[in-house]
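User: I should like to understand the reasons behind the terms applied to this structure. Please take me through them.

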Amino acid sequence: MKKIYLAYGVALVSLAACSGNKAKNEACNGTCEKSDSTEEVVYEGTLPAADVEGVRYTLSLDYSDDTPDKGDYDLTEVYISQTNPATFKSEGDFTVLTGTPQDSTQRYLRLVPKVEAGARPDTLYMVVTSDSTLTLTGPDRTVTRVDGMNYDLVKK
């Protein structure tokens, strides 16, 4: 039954991604035609953190005009704290790739920051878990669910 839902979800994501709307290219299978749209795709979510109440992520993806599976990103991380709130911004390039340890067809994003002052030094990985949700993972791209912990960014 899980495989049926997964296949159905992948089919829906692929159809939505190739509908000609650039805003839905995050799950494109590489066969999409170039879109003339200049929309950015924005994802938001508040993720858990060890030393603060949470981290509010805002991720903006700007797909390349000539390649539907690459582009630029802007990431804002707001550390939510009553005593010492902080905001960090980074930007760089992203690529939509395929294949995780659990599923060879699973789509994910690899975000590589431009190395500048204040930029996050680490490459980030986000698995495309639905047509409107990205899940922050580690380099192994394994989605782990823990009760009370949410690592999802949802399309705005």
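Analyst: The following exchange concerns a predicted model and sets its values against the definitions in use.

User: How do you know how confident the predictor is in this protein?

Analyst: The pLDDT runs from 0 to 100, and its average for the protein is 77. A score of at least 70 is reached by 72% of the residues. Over residues 1–36, however, pLDDT stays under 50. The model has 48 contacts beyond four places in sequence for that stretch.

User: What makes the fold a barrel, and in which order do the strands follow?

Analyst: The barrel is closed by 8 strands, in the order S1-S2-S3-S4-S5-S6-S7-S8, with antiparallel pairing. From one strand to the next, the twist averages 30°.

User: Why are S1 and S8 said to pair?

Analyst: Pairing requires at least two bridges between the strands. S1 and strand S8 (residues 152–155) are joined by 2 bridges and run antiparallel, so the requirement of at least two is met. Opposite tyrosine 43 stands lysine 155 in S8.

User: What makes S7 and S8 a pair?

Analyst: Between strand S7 (residues 133–137) and S8 there are 3 bridges, in the antiparallel sense; the cut-off is at least two. Threonine 135 has aspartate 152 of S8 as its bridge partner.

User: How do you know that S2 pairs with S1 and with S3, and what joins these strands?

Analyst: The cut-off of at least two bridges applies here as well. Strand S1 (residues 41–47) pairs with S2 over 7 bridges in the antiparallel sense, and glutamate 44 has threonine 58 in S2 as its bridge partner. A hairpin of 6 residues links S1 to S2. S2 is joined to strand S3 (residues 70–80) by 10 bridges, again antiparallel, with tyrosine 57 opposite glutamate 77 in S3. S2 and S3 also form a hairpin, with 6 residues between them.

User: Why is strand S2 called largely enclosed?

Analyst: A residue is buried when its relative accessible area is under 20%. In S2 (residues 54–63), 7 of the 10 residues are buried, and the strand is therefore largely enclosed by the rest of the structure.

User: Why is threonine 87 called partly exposed?

Analyst: The term covers values between the buried limit, under 20%, and the exposed limit, over 50%. Threonine 87 has a relative accessible area of 47%, and is therefore partly exposed. This residue lies in strand S4 (residues 86–98). Beyond its neighbours within four places in sequence, threonine 87 is in contact with Thr76, Glu77 and Val78. Its C-alpha atom is separated by 5.6 Å from that of glutamate 77, 10 residues apart along the chain.

User: Why is arginine 141 called buried, and what is its phi?

Analyst: Buried means a relative accessible area under 20%. The value for arginine 141 is 18%, so the residue is buried. Arginine 141 lies in the loop between S7 and S8, and its phi is near 60°, a positive value in a residue other than glycine. Most residues other than glycine have a negative phi.

Note on methods:
Residues are numbered from 1 along each chain as its sequence is written. This is a predicted model: local features need pLDDT of at least 70, side-chain atom pairs count only at pLDDT 80 or more; totals for chains, interfaces and linings use all residues. Side-chain values use heavy atoms; hydrogens and water are left out. Buried means under 20% relative accessible area, exposed over 50%, partly exposed in between (1.4 Å probe, protein chains only). Helices (H or I, at least four residues) and strands (E, at least two) are DSSP runs, numbered from the N terminus. Contact means heavy atoms within 4.5 Å. Axes are lines fitted to C-alpha atoms, for helices over the stretch in contact, and angles run from 0 to 180 degrees between N-to-C directions.
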